[in-house]
Protein chains: 2
Amino acid sequence: MDNNERGGARRAARVDARQNRARILAAARVRFAADGIDAQIDDIAREAEVAVGTIYHHFGSKDALLEAIVHDRFQRMADHISSLRDEMDAWAGVEQTLRYIAERQVHDRALKAVILSQPALREASAAGMREVLIPAIRPVLERAQAAGQVRADVVAGDLPLLLAGLPGSAAEPTDRERYLEIILAGLRTGGDAAY
Amino acid sequence: MDNNERGGARRAARVDARQNRARILAAARVRFAADGIDAQIDDIAREAEVAVGTIYHHFGSKDALLEAIVHDRFQRMADHISSLRDEMDAWAGVEQTLRYIAERQVHDRALKAVILSQPALREASAAGMREVLIPAIRPVLERAQAAGQVRADVVAGDLPLLLAGLPGSAAEPTDRERYLEIILAGLRTGGDAAY
DNA sequence: TATTATAATGAACCATGGTTCAAGTTGTCA
DNA sequence: TGACAACTTGAACCATGGTTCATTATAATA
């Protein structure tokens with residue numbers, strides 16, 4: 001149902017199969033980003049120029065496909081955020097992180113949906129956030145907290161949630177910028193001089 | 001399809017009909033609040049102790065029923081918020097408003113969903129927000145802005161959105177409190193001394 | 001009480017959209 | 001160049017859940 005690299009298996013995956021798998025992933029990324037969680041398998045198949053059955057051959061279910069996409073997204077995001085860890089200014093790291101997550105969310109409705117989803121449902125995908133994205137955010141955040149630049153009570157998991165209401169791609173860029181500034185100001189250690 | 005008060009009609013609505021209508025509304029409120037937008041008509045019917053057909057007799061469609069509920073919710077919220085307009089301290093008015101909307105959202109998943117929904121889809125319900133809730137928030141907000149207590153660039157429509165990521169009813173109350181404080185701090189006129 | 005407009009019922013209907021699988025293709029290896 | 005496992009195909013299948021409507025029941029009126 002799922003053929004990763006060389007398992008203990010015999011034959012290597014056929015090259016056409018690998019191409020198709022890639023086409024499906026690409027199409028799924030596009031459609032999930034545009035239509036959100038309820039993008040349709042048929043649409044993905046059409047866009048990938050592949051039959052529905054092929055998708056099921058490679059991924060087994062719609063949820064599994066979504067999970068693959070989303071997990072990959074979280075992984076890439078985590079990598080990027082980790083690279084911000086030693087931004088010269090700790091605060092800048094936090095700001096960059098926020099802006100980056102915001103930008104990702106605006107371009108990907110499915111991602112946004114998963115971030116918002118109750119941990120109960122959509123468990124497989126939500127796990128990717130808990131175990132990949134959040135751990136990447138944590139050091140960036142804590143560094144800024146240690147420097148007294150961010151409220152001490154904030155937790156890494158708060159950041160994605162705070163961005164949940166970010167105006168979508170239809171809205172004015174200035175609306176998004178204002179939203180971000182409000183959140184950033186809220187996070188920054190303010191007049192109440194916590195430290 | 002919808003029998004409001006006395007139209008130009010002849011007979012008054014039968015009392016059992018009125019009771020059933022009320023039962024349906026009550027059940028729908030409960031189920032939409034608990035299950036969100038995709039609460040099932042059959043469940044609502046069961047909870048109201050009424051046949052599905054009766055719901056359709058009174059409301060015509062699931063969307064219409066949802067719209068009725070949501071519009072009513074927005075109306076009540078608007079009324080409550082308006083009563084805060086002349087809170088002695090302008091800032092307190094804003095804070096109360098935020099806390100009130102937050103509390104409503106946590107208790108009602110459908111409400112939260114509508115607030116988050118792209119204005120495109122779910123148009124009928126979203127209109128209720130635009131035309132009832134937002135206008136009620138505006139004076140409270142602008143009063144605090146005039147007093148220099150809230151960022152000048154914030155708009156009434158921002159407030160519900162900022163609360164979109166608020167941790168749901170499953171989360172610790174302290175998580176919600178922290179979230180609120182961050183938003184409040186972000187709105188408050190801060191060190192950058194706008195005025 | 002007889003009449004009737006209005007309301008209630010719920011099994012059947014239907015659209016949607018994910019999933020299956022028997023039949024046919026094709027890359028790869030010997 | 002076979003031979004075969006791996007892969008692809010897409011029509012058919014099925015579950016879900018909103019909606020219809022012919023039938024039956026009942027509140028209101030005369």
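## The surface near DNA strand D

In this predicted model, 28 residues surround DNA strand D. The closest are N20(A), A51(A), G53(A), G53(B) and K62(B). Several helices build this surface. α1 and α3 of chain A each give two or more residues, as do α1, α2 and α3 of chain B.

The largest share comes from α3(A), with 5 residues. By class, the surface near strand D has 10 nonpolar, 9 polar and 9 charged residues.

## The surface near DNA strand C

Around DNA strand C there are 29 residues. Those that come nearest are G53(A), K62(A), N20(B), A51(B) and G53(B). Here chain A supplies at least two residues from each of α1 (15-35), α2 (41-48) and α3 (52-59). From chain B, α1 and α3 each do so too.

α3(B) gives the most to this surface, with 5 residues. The classes near strand C are 10 nonpolar, 9 polar and 10 charged residues.

## Helix α3 of chain B

α3(B) spans residues 52-59, and its buried residues are I55(B), H58(B) and F59(B). Seen down the helix axis, these buried residues fall within an arc of 75°, so they line one face of α3(B).

What covers them? Among the elements over the buried residues of α3(B) are α1 (15-35), α2 (41-48) and α4 (62-82) of chain B. Just after the helix comes G60(B), with a positive phi of about 85°.

## The nonpolar core

The largest nonpolar core has 94 residues. Which members touch the most others in it? They are I44(A), I44(B) and L163(B).

Take L163(B). Leaving out residues up to four places away in sequence, L163(B) touches L98(B), I101(B), A102(B), Q105(B) and I183(B) in chain B. L163(B) also touches G165(A), in chain A.

## How the two chains are related

Chain A can be laid on chain B by a turn of 180° and a shift of 0.0 Å along the axis, with an RMSD of 0.0 Å. The two copies are therefore related as by a two-fold rotation axis. In chain A, the C-alpha nearest that axis belongs to G186(A), at 1.8 Å.

Why can the copies be said to meet through the same surface? Because 100% of the interface residues of chain A are also interface residues in chain B.

Technical notes. Residues are numbered from 1 along each chain as its sequence is written. Chains are lettered from A and ligands numbered from 1 in the order in which they are written. This is a predicted model: local features need pLDDT of at least 70, side-chain atom pairs count only at pLDDT 80 or more; totals for chains, interfaces and linings use all residues. A residue is buried if 20 or more other C-beta atoms lie within 10 Å of its own, exposed if 12 or fewer, and partly exposed in between; C-beta atoms are placed from the backbone. Helices (H or I, at least four residues) and strands (E, at least two) are DSSP runs, numbered from the N terminus. The arc is that of the directions from the helix axis to the C-beta atoms. Two residues are in contact if their C-beta atoms, placed from the backbone, lie within 7 Å. A residue is near a molecule or strand if its C-beta atom, placed from the backbone, lies within 6 Å of it. Ala, Val, Leu, Ile, Met, Phe, Trp, Tyr, Cys and Pro count as nonpolar, Asp, Glu, Lys and Arg as charged, and the others, Gly among them, as polar. A nonpolar core is a set of buried Ala, Val, Leu, Ile, Met, Phe, Trp, Tyr and Cys residues joined through C-beta atoms within 7 Å. Copies are superposed by least squares on the C-alpha atoms of residues with pLDDT of at least 70 in both.
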